[in-house]
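Here are a few short exercises to work through with the model open in your viewer. Try each one before you read the solution.

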Amino acid sequence: MNAFIVELARSGREVRVHEDQSVLQALGAAGVEVPLSCQQGVCGTCLTRVLAGEVEHWDMYLTPEEQAVGDQFLPCVSRAAGERLVLDL
Ligand code: FES
């Protein structure tokens, strides 16, 4: 898996997501709380708005059409397709 940066738009903070971490794990380690439940991309609890950057979707919650729009993602399983995602957090 790839490493990348998530930028938290509301605080301007940047959090590095390592190869072996989910976005949710990286956020948690940085003290950023996102509601979570299944951690398998199924329940939708961790749904987060994406303001910029391309998402690599791994969830089974969003429809293919919603995934294609790319303005939201499930950070328990999905990742950045590029080097950076800007999140509405
Ligand atoms: S925690 Fe269930 S989809 Fe992320």
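**Exercise 1.** Work out whether Gln39 is buried, exposed or partly exposed, and find where Gln39 lies.

*Solution.* Start with the neighbour count: 16 other C-beta atoms sit within 10 Å of Gln39. In this predicted model, a residue needs 20 or more to be buried and 12 or fewer to be exposed. Gln39 is therefore partly exposed. Next, place Gln39 on the chain: it belongs to the loop that runs between α1 (23-29) and β3. While you're there, check the backbone: phi of Gln39 is positive, about 60°, even though Gln39 isn't a glycine.

**Exercise 2.** Trace the open sheet of five strands and say which strands form its edges.

*Solution.* Walk across the sheet and you get β2-β1-β7-β3-β5, with mixed pairing. The edges are β2 (13-17) and β5 (72-73), each of which pairs on one side only.

Now zoom in on β3 (residues 48-52). With β5, strand β3 pairs in the antiparallel sense over two bridges. To pin those down, match Arg49 with Gln72, then Thr48 with Phe73. Turn to β7 (residues 84-87): β3 and β7 also pair in the antiparallel sense, over two bridges. Here Val50 has Leu87 as its bridge partner.

**Exercise 3.** Which residues have the most contacts inside the largest nonpolar core, and which element gives the most to this core?

*Solution.* The core holds 19 residues, and Val6, Leu74 and Leu85 have the most contacts inside it. Then look at who contributes: β1 (4-8), β2, α1 and β7 each supply at least two residues. The top contributor is α1, with three. As background, nonpolar side chains tend to be buried together in soluble globular proteins.

Take Leu85 and skip its neighbours within four places in sequence: what's left in contact is Phe4, Val6, Val50, Gly53, Val55 and Ala80.

**Exercise 4.** Follow that list to Ala80: is Ala80 buried or exposed, and which residues is Ala80 in contact with beyond four places in sequence?

*Solution.* First find Ala80 in strand β6 (residues 79-80). Count next: Ala80 has 21 C-beta neighbours inside 10 Å, so Ala80 is buried. Again leaving out neighbours within four places in sequence, Ala80 is in contact with Phe4, Gly53, Glu54, Val55, Glu56 and Leu85. Last, try a distance: Ala80 and Val69 are eleven residues apart in sequence, and their C-alpha atoms are 14 Å apart.

Methods: Residues are numbered from 1 along each chain as its sequence is written. This is a predicted model: local features need pLDDT of at least 70, side-chain atom pairs count only at pLDDT 80 or more; totals for chains, interfaces and linings use all residues. Two strands pair if DSSP finds at least two bridges between them. Helices (H or I, at least four residues) and strands (E, at least two) are DSSP runs, numbered from the N terminus. A nonpolar core is a set of buried Ala, Val, Leu, Ile, Met, Phe, Trp, Tyr and Cys residues joined through C-beta atoms within 7 Å. Two residues are in contact if their C-beta atoms, placed from the backbone, lie within 7 Å.
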